[in-house]
Amino acid sequence: MPNYRRAFVPGGCWFFTATLLNRRSTLLTDEIDLLRNATARTRERYPFHIDAFVVLPHHIHTVWTLPPDDSDFSMRWRLIKARFARSLPKHETLDLVRQARGERGIWQRRFWEHLIRDDRDYARHVEYCYFNPVKHALVTRVRDWPYSSFHRDVHAGIFPEDWAGDSKSTGEFGERP
């Protein structure tokens, strides 16, 4: 079994990516209410602050801050993934390994995490979350993607509604010509 090296920092702030097994799927946006419910139910028992969250058709990017005495982000991801998967009808095809383990064929087994180091790193990862739908050509403006906490942050005055402009007039990653 692999020995993953993870930083466990109580009260830490992390950037995560969680991805569906089928990278062509649109399940996360098709079933956004089930994902929201799985996340909300997990937060009831294992609280965390959502600093940024964006849901794309087949993957999620998010920045979380855990409570001061807690570093168990893995438990939270396990619960979110399991609750979401259990809420779906069983239509996916399973390979023999997943069948033997009693797994669903919804999510990739793991997730990617990065411990946020400082304010600049934090800003870079929040902005990465918000710009990701533009990067994947799902929309041309950040504000047009409905499955993002960007709208919450605009309402709170953290970002202007026109942040990052329109990709038709910028480069691939938001830079001006």
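1. A82 is partly exposed, with a relative accessible area of 22%; the classes used here are buried under 20% relative accessible area, exposed over 50% and partly exposed in between, with a 1.4 Å probe and protein chains only. A82 sits in helix α3, residues 73–86. Helices (H or I, at least four residues) and strands (E, at least two) are DSSP runs numbered from the N terminus. The C-alpha atoms of A82 and R104 are separated by 8.8 Å, although these residues are 22 residues apart along the chain.

2. On provenance: this is a predicted model, in which local features need pLDDT of at least 70 and side-chain atom pairs count only at pLDDT 80 or more, while totals for chains, interfaces and linings use all residues. Residues are numbered from 1 along each chain as its sequence is written, and side-chain values use heavy atoms, with hydrogens and water left out.

3. The protein has six helices and four strands. Their order along the sequence is β-α-α-β-β-α-α-β-α-α.

4. The radius of gyration of the protein is 17 Å, which agrees with the value near 16 Å that a compact globule of 177 residues would have. The radius is taken over C-alpha atoms, and the globule rule is 2.2 Å times the number of residues to the power 0.38. The C-alpha trace spans about 55 × 40 × 30 Å along its principal axes.

5. Of the 177 residues in the protein, 43% are buried. The exposed area is about 10400 Å², and carbon and sulfur atoms supply 51% of it; accessible areas come from the Shrake-Rupley method with a 1.4 Å probe, and for residues only the protein chains shown count as cover.

6. A contact means heavy atoms within 4.5 Å. Among contacts between residues at least 6 apart in sequence, 65% join residues at least 24 apart.

7. The protein carries 28 positive and 23 negative charges, and the mean positions of the two sets are 7 Å apart. Lys and Arg count as positive and Asp and Glu as negative, with His and the chain ends not counted. Each charge is placed at NZ of Lys, CZ of Arg, CG of Asp or CD of Glu.

8. A pair of aromatic rings is described by the distance of the centres and the angle of the planes. Rings of Phe, Tyr and Trp (its six-membered ring) pair if their centres lie within 6.5 Å; planes under 30 degrees apart count as stacked, over 60 as edge-to-face and the rest as tilted. By this rule the protein has 19 aromatic pairs. In one of them, F16 and W64, the ring centres are 4.8 Å apart and the planes stand at 55 degrees, so the pair is tilted. F16 belongs to strand β1 (residues 13–19) and W64 to strand β3 (residues 59–65), so the pair ties together parts that are 48 residues apart in sequence. F16 is buried at 0% relative accessibility, and W64 is buried at 0% as well.

9. F150 and F159 form another tilted aromatic pair, with 5.8 Å centre to centre and 55 degrees between the planes. F150 counts as buried at 1% relative accessibility; F159 is buried with a relative accessible area of 11%.

10. One aromatic cluster is formed by F8, W14, F16, F48, W64, F73, W77 and F111. The F16 and W64 of point 8 are thus listed among its members.

11. C129 lies in helix α5, residues 119–135, and is buried at 0% relative accessibility. Leaving aside neighbours within four places in sequence, C129 is in contact with F15, A52, V54, H61, T62 and V63. C129 and I60 are 69 residues apart in sequence and 8.6 Å apart in space, C-alpha to C-alpha.

12. T29 is part of helix α1, residues 27–30. T29 is buried, with a relative accessible area of 12%. Not counting residues up to four places away in sequence, T29 touches V55, L56, P57, W145 and Y147.

13. Backbone points to check follow. Most residues other than glycine have a negative phi, and most peptide bonds are trans. A137 has a positive phi, near 60 degrees. A137 is placed in the loop between α5 and α6 (150–155) and is exposed, with a relative accessible area of 66%. A164 also has a positive phi, near 75 degrees, and is found in the segment after α6.
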